[in-house]
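Biologist: Could you show me how to read a model like this one, feature by feature? I would like the general idea and then the case at hand.

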Amino acid sequence: MAKAPPEEESSASKETMDNRSISTVVIITTMRTEALPLVNKFQLKEDLNPVFPMGVPWVRYCGTYKDLNINIIWPGKDTILGVDSVGTISASLVTYASILALQPDLIINAGTAGGFKCFDMYSTLMFSCFQAKGASIADIFLASDVAFHDRRIPIPVFDLYGVGLRQAFPTPNLVKTLNVKVGKLSTGDSLDTSPKDEASIVSNDATIKDMEGAAVAYVADLLKVPAIFVKAITDIVDGDKPTGVEFLQNLLAVTAALDQAVTEVVDFINGRCLSEL
Ligand code: ADE
């Protein structure tokens, strides 16, 4: 029989992939506080034969939950400063290493985010809210799109490369079933929001802001693994409290909401194939 041309072959094999039950899931987290309750919930164990290079602080918790092989990846503490390795560099590295080592069917990037209660060109100038974006503390969002807001390269086409807009894997059934909001996510390496970041976030039409999502999306896209983004709101970026203070105040309570949401997402995924999400 004649062999299918490569393009048809790859779309046929993609269809097969989308139609078989999801088996291996990698959950990329950032902070220990986010990871540990999930590790307990799914009764995972720390991997004692690490799949990651010797000496890196990255941690994999793994085990079987229902019919799924679950891997929670935590980038660990910075080897010098001892704080959680937040931001795009660690997120890209652990996503890359996890995909190579574990060949997941799906990546879930789970974490906290800042949210915009309202955001448009005029709100910051006039302190009024013309266009409601509608994020509140402890809301759970599934990101529809992700992009960067701090990679400004004002040269044609490089500007688009810098923004790095990507779509999350579409999950219409998951969105219908779970009590989540849907919005665009903007990623940068700072917790605070400079005026230039703010302008880019407006241009990205984002409702939520984090420090990892677009980096995870870049690597997942590069290696052709579907990725979804579950984000819980710890602070209101266009509110009146200092971000760092509000973030720390809400971290524990919001993490509980995040873990509940991730559990619901995983329960929904169990026994389903990608095309049913
Ligand atoms: N994670 C939680 N809150 C955030 C914010 N305001 N900006 C970026 N990442 C966050």
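Modeller: Gladly. Let's begin with exposure: Gln43 has 11 other C-beta atoms within 10 Å, so it is exposed, given that 12 or fewer counts as exposed. Keep in mind that this is a predicted model.

Biologist: Where does Gln43 sit, and what is the sign of its phi?

Modeller: Gln43 lies in the loop between helix 2 (32–41) and strand 2 (45–46). Its phi is near 55°, a positive value in a residue other than glycine.

Biologist: Is Val157 buried or exposed, and which loop holds it?

Modeller: Val157 counts as exposed, because it has 8 C-beta neighbours inside 10 Å. The loop that holds Val157 runs between strand 6 and helix 5 (158–163). Here too phi is positive, about 75°, although Val157 is not a glycine.

Biologist: Now the opposite end of the scale. What should I look for in a core?

Modeller: The general idea first: in soluble globular proteins, nonpolar side chains tend to be buried together. In this model the largest nonpolar core has 63 residues, and Val25, Ile27, Ile72, Ile108, Val230 and Val262 touch the most other members.

Biologist: Let's take Ile72. Which residues is Ile72 in contact with, leaving aside its neighbours within four places in sequence?

Modeller: Those contacts are Ile27, Thr29, Ala35, Leu38, Val39, Leu44 and Tyr61. Ile27, one of these contacts, is also among the core members that touch the most others.

Biologist: And why is strand 4 described as largely enclosed?

Modeller: Strand 4 covers residues 68–74, and six of its seven residues are buried, so the rest of the structure largely encloses it.

Biologist: How do I read the pairing around strand 4?

Modeller: Check the direction and then the bridges. Strand 1 (residues 24–28) pairs with strand 4 in the parallel sense over five bridges, and Ile28 stands opposite Ile73. Strand 3 (residues 59–65) runs antiparallel to strand 4, with seven bridges joining them; there Tyr65 stands opposite Leu68.

Biologist: How many residues lie between the strands in the hairpin of strand 3 and strand 4?

Modeller: Two, and Lys66 in that hairpin takes a positive phi near 50°.

Biologist: Can we try another strand with several partners?

Modeller: Strand 6 (residues 140–148) suits that well. Eight of its nine residues are buried, leaving the strand mostly covered. As a general point, side chains in a regular strand alternate between the two faces of the sheet.

Biologist: Which strands does strand 6 pair with, and in which sense?

Modeller: Six bridges join strand 6 to strand 8 (residues 181–187) in parallel, with Phe148 opposite Thr187. Strand 10 runs antiparallel to strand 6 and is joined to it by three bridges; Ile140 has Ala232 as its bridge partner there. Strand 7 (residues 166–167) is also antiparallel to strand 6, with two bridges, and Asp145 is partnered by Gln167.

Biologist: Last, the part closest to my own work. Which residues surround the ligand?

Modeller: The shell consists of Thr112, Ala113, Gly114, Leu191, Lys209, Asp210, Met211, Thr234, Asp235, Val237, Thr243 and Phe247. By class, five are nonpolar, four polar and three charged.

Biologist: Which elements each supply at least two residues of that shell?

Modeller: They are strand 5 (106–115), strand 9 (208–210), strand 10 (227–236) and helix 9 (243–269). Strand 5 gives the most, with three residues. Strand 10 ties our topics together: besides its part in the shell, it pairs with strand 6.

Key
Residues are numbered from 1 along each chain as its sequence is written. This is a predicted model: local features need pLDDT of at least 70, side-chain atom pairs count only at pLDDT 80 or more; totals for chains, interfaces and linings use all residues. A nonpolar core is a set of buried Ala, Val, Leu, Ile, Met, Phe, Trp, Tyr and Cys residues joined through C-beta atoms within 7 Å. A residue is buried if 20 or more other C-beta atoms lie within 10 Å of its own, exposed if 12 or fewer, and partly exposed in between; C-beta atoms are placed from the backbone. Two residues are in contact if their C-beta atoms, placed from the backbone, lie within 7 Å. Helices (H or I, at least four residues) and strands (E, at least two) are DSSP runs, numbered from the N terminus. Two strands pair if DSSP finds at least two bridges between them. A residue is near a molecule or strand if its C-beta atom, placed from the backbone, lies within 6 Å of it. Ala, Val, Leu, Ile, Met, Phe, Trp, Tyr, Cys and Pro count as nonpolar, Asp, Glu, Lys and Arg as charged, and the others, Gly among them, as polar.
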